[in-house]
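Please open the model in your viewer and keep the selection tool to hand. The stops below are meant to be followed in order, each giving something to select and then what is there.

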Amino acid sequence: MSEQTAAPVLVAFWQRQLDALPEPPDLPFPPVPETTAAGDPTSSGGTAGVALPGGSSEALVDALAGVFGLLHRWTGGGDLLAETPAGSTAPERWLPMRVRVPENPTWTELRDLVRTALREARAHESGLPATVPEHRPVVSVGLGALPSGARGVLRLLVDDDGSPTLTVTHPNAALIGVTLTVLLARVAERPEARLADLPLLEPATERRVVAEWNATDTAYPRDRSVPDLFAQWARETPDAPALRSGDEMLSYREVDRRANQLAGHLRRLGIGAEALVGLCLTETAGWVIAALATLKVGAAYLPLDPGYPPQRLALMCRDAAPGAILHTAALADRLPDDGTPRIVLDRLPAADDPAGPPEVRIHPDQLAYVMYTSGSTGRPKGTGVSHRNIVRLVRDTNFVDVRPDDVMGQAATMSFDAATLEVWGALLNGACLADLDINDVIVPERLRERLRATGVTMMFLATSVSRQLATEAPDALAGLRYLTFGGEQADRTAVSRLRAACPDTTVVNGYGPTEGTTYTTTYDCALLTADDQVVPIGGPVANTRVYVLDRFLQPVPPGVLGELFIGGDGVARGYLGRPEATADRFVPDPFGPRGGGRLYRTGDLVRQRADGLIEFVGRLDHQVKIRGYRVEPGEVTEVLRGSGLLRDAIVRADRDGAGDARLVAYVVPADGVRVEAVRERARELLPDHLVPAVFVALPRLPLNRNGKVDTNALPAPDALAVPDDPSAPDVPPAPEVTSADDEDAGPRAGTERTVAEIWRDVLGVPVRRRDDDFFDLGGRSLKATRVRSRLSAAIGAEVPLRLIFDHPTVAALAAAADEITGVREAAVQSSVPVDALPPDAAPPADLAGLLDQYEHGSAR
């Protein structure tokens with residue numbers, strides 16, 4: 001080939017190779033500190049030697065193909081870039097080698113691709129452009145020694161003298177080296193096998209992660225139902241306290257009697273096995289007895305949270321089609337008028353005659369309840385949980401020891417699956433369940449007194465609430481035997497404070513999706529050491545198995561990032577009326593001791609440590625936990641788009657300045673629609689935990705070249721004030737100091753300035769105007785309790801929590817606080833007068849939904 005012919009070929013080759021160069025895939029290891037501009041992995045000193053296949057004349061090909069095989073298995077990387085020192089035609093330069101890996105190749109196919117890429121790069125190196133686009137390869141590889149200038153995330157040095165060896169340099173070189181050794185041994189035995197079919201663990205390691213760390217079986221009553229186990233306690237300890245609600249104390253005999261009577265009403269309606277019964281109730285005693293009655297007739301209960309908007313309850317009823325709904329008269333208007341038979345509990349005639357239990361045979365795999373969670377398609381999903389799932393959670397388990405003399409605090413709403421642990425954890429172990437008012441739970445000094453008065457010995461708290469208590473008054477929980485918390489990533493500092501203040505309390509960090517029946521793994525925080533960077537989610541609870549798998553459902557080595565899969569008797573039945581979604585998330589279990597089992601794929605990215613304990617890392621999708629609830633931003637996006645008020649919208653999850661998870665809605669309002677109207681519409685359609693904390697109005701959503709929303713181009717939510725005219729161009733935020741032309745805009749000196757500073761610290765956003773609204777700035781119930789504590793300390797007087805809800809602007813709250821202290825700086829008209837609501841009136845909407853998982857309904 002002449003020079004004239006060769007030049008265009010060289011140019012064309014490198015144009016193809018260098019077009020849109022890929023970024024290195026994220027390796028499944030802890031982050032590596034960037035010690036130099038290039039993030040030189042050699043600075044860590046991590047190296048490992050690997051023996052390459054003997055007799056091979058292509059040691060460089062074997063080494064690079066082996067590493068690319070690992071990367072493909074671990075990261076799914078299909079476009080991988082390496083570099084190797086160039087030859088004499090391009091001295092002191094690095095030659096890019098690009099390998100486009102097909103999905104799940106054989107070793108032979110992958111080796112051929114690497115050989116071809118290396119050969120072609122060498123053949124065309126004379127045409128390597130003088131200027132190569134900025135890039136970073138995932139691998140730098142060479143023979144003998146690597147010259148200066150290597151930029152690869154991994155460094156591979158091949159020695160092909162005698163027995164070929166490979167030296168890997170990376171902070172996690174030891175783990176990479178061990179796994180690569182296993183892979184090369186497997187492919188030597190089965191070169192035509194697909195990569196997905198090749199185990200990457202040594203036999204002893206595989207036995208440990210699959211079997212030994214999952215040896216959690218106990219002799220729990222797996223073949224008995226919830227009503228059967230409750231009835232046993234009612235027979236053996238009929239006069240023992242079962243339920244304390246307010247000033248009322250009910251014995252096991254009385255709870256059983258009332259549940260039997262209500263079960264008779266359900267039977268007369270024809271309610272039986274596998275039927276659904278909606279429960280829309282506020283008082284703990286009412287809904288616990290209703291749930292037990294439902295289970296006694298073989299049916300399953302469907303929590304219909306009275307704090308949810310009526311539209312949401314109607315959607316759930318349409319989807320689940322309950323055979324009956326139990327409610328009180330005060331809640332009738334919140335339920336859909338769809339002809340479903342109803343039983344109004346407070347209008348049932350009194351019945352003093354004893355009622356026996358229904359003669360119903362209940363299989364342990366029978367449906368016990370359906371609980372709805374957020375769905376990415378805009379439609380919430382109902383998860384079906386069986387009797388065996390519940391019994392597995394609360395009987396003969398390894399994370400808590402519930403005794404008949406225990407008192408379990410009950411604060412979770414029935415629509416939050418922590419209630420499963422609270423209610424059945426107490427009543428299936430002969431203990432007492434004590435109702436805790438949310439207004440007591442979120443105020444530390446009142447919680448301390450309430451726990452003392454009720455004798456509570458164990459309770460569950462959402463992680464966010466436990467974090468607040470750890471900051472304000474950790475000793476409020478010192479009288480507990482057990483404190484379990486969960487719902488989101490635990491804070492190491494908060495856990496340390498709780499342990500120090502509660503030395504006699506077993507503090508347990510729990511993890512688990514609704515599909516795993518409340519708790520899947522737990523961690524005794526007494527094991528936490530100074531070397532632990534995060535609080536682990538621990539190991540599997542009794543009769544549960546957990547596996548950290550790659551995308552081909554193969555176990556990954558300890559230390560490597562993978563998806564958490566759940567097996568065992570806690571795995572739910574599936575999604576109500578959604579067989580496709582069930583088949584996607586509930587997959588056959590290839591590891592379990594019993595045939596026909598299933599695994600639930602959580603979508604959670606975790607890392608299993610060398611001791612078997614698991615650390616939560618993140619999500620595979622956009623799902624987020626907000627105040628313990630699982631939230632799909634896509635569902636909120638679809639609801640907003642369907643509101644009729646917007647041209648477009650997208651909802652993203654991020655964290656506010658205080659570090660709390662929140663939803664941010666980027667909206668393009670229709671002509672003449674103000675953002676306040678969109679926010680109010682969202683509150684009408686969505687439960688409180690799904691309502692975005694921040695709304696950002698834009699003239700249009702930014703798009704990438706494929707016509708999709710460019711999420712990276714969305715502005716930081718706290719950098720923009722929502723303009724009154726959404727069509728107006730974006731402008732910089734106004735300064736916090738007011739000008740002479742607008743002297744009334746900013747917070748005034750004194751209490752207003754104090755309130756603004758507290759809001760800024762708690763919400764993590766600027767507070768620029770005296771008419772800024774706490775809830776429009778992203779405030780929610782838990783943050784309101786922080787404001788209450790800070791403001792009480794600042795003014796030296798007790799501030800009622802309700803004051804923040806009744807006076808949500810800076811000026812109004814400051815004026816109300818001044819009234820408490822007797823200060824009259826100025827006559828400021830409150831947006832809601834102090835006496836607008838009598839003490840016994842139903843609280844405002846957000847107060848009614850305090851923390852969502854703890855609220856007991858709007859008519860409490």
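**Stop one: the surroundings of L304**

Select L304 and, leaving aside its neighbours within four places in sequence, look for its contacts (heavy atoms within 4.5 Å), which are G278, L279, C280, L313, M316, C317, I325, L335 and M414. This is a predicted model, in which local features need pLDDT of at least 70 and side-chain atom pairs count only at pLDDT 80 or more, whereas totals for chains, interfaces and linings use all residues. Residues are numbered from 1 along each chain as its sequence is written, and side-chain values use heavy atoms, with hydrogens and water left out.

Now add W424 to the selection: of the 88 residues in the largest nonpolar core, L304 and W424 touch the most other members. Helix 8 (residues 284-296) supplies the largest share of this core, with 9 residues. A nonpolar core is here a set of buried Ala, Val, Leu, Ile, Met, Phe, Trp, Tyr and Cys residues joined through side-chain atoms within 4.5 Å, and buried stands for under 20% relative accessible area, exposed for over 50% and partly exposed for what lies in between (1.4 Å probe, protein chains only). Apart from the core of L304 and W424 lies another, of 64 residues, including L60, A63, Y511 and V548.

**Stop two: an open sheet and its helices**

Display the strands next (helices are DSSP runs of H or I with at least four residues, strands runs of E with at least two, numbered from the N terminus), and find the open sheet of 6 strands in the order 1-6-5-4-2-3, with mixed pairing. Its edge strands are strand 1 (47-51) and strand 3 (94-100), each of which pairs on one side only; two strands pair if DSSP finds at least two bridges between them.

Within the sheet, strand 2 (residues 79-85) and strand 4 (residues 139-143) pair in the parallel sense over 2 bridges, and selecting A82 leads to its bridge partner in strand 4, V139. Helix 3 (residues 107-123) lies across strand 2 and strand 3, running at about 145 degrees to strand 3, while helix 4 (residues 173-189) lies across strand 1, strand 5 (154-159) and strand 6 (165-169), at about 10 degrees to strand 1. For these angles, axes are lines fitted to C-alpha atoms, for helices over the stretch in contact, and angles run from 0 to 180 degrees between N-to-C directions.

**Stop three: helix 7**

Select residues 252-268, which form helix 7. Its buried residues include Y252, V255, D256, A259 and L266. Just after helix 7, G270 takes a positive phi of about 85 degrees.

**Stop four: G603 and the aromatic pairs**

Move to G603 in strand 26 (residues 598-608), a residue that is buried, with a relative accessible area of 4%. Not counting residues up to four places away in sequence, G603 touches E563, R585, G618, R619 and L620.

How are the rings of Y547 and F591 arranged? Their centres are 4.8 Å apart and their planes at 35 degrees, so the pair is tilted. Rings of Phe, Tyr and Trp (its six-membered ring) pair if their centres lie within 6.5 Å, and planes under 30 degrees apart count as stacked, over 60 as edge-to-face and the rest as tilted. Finally, select F399, F416, F460 and Y519, which form one aromatic cluster.

Note on methods: The expected span of a helix is 1.5 Å times one less than its number of residues.
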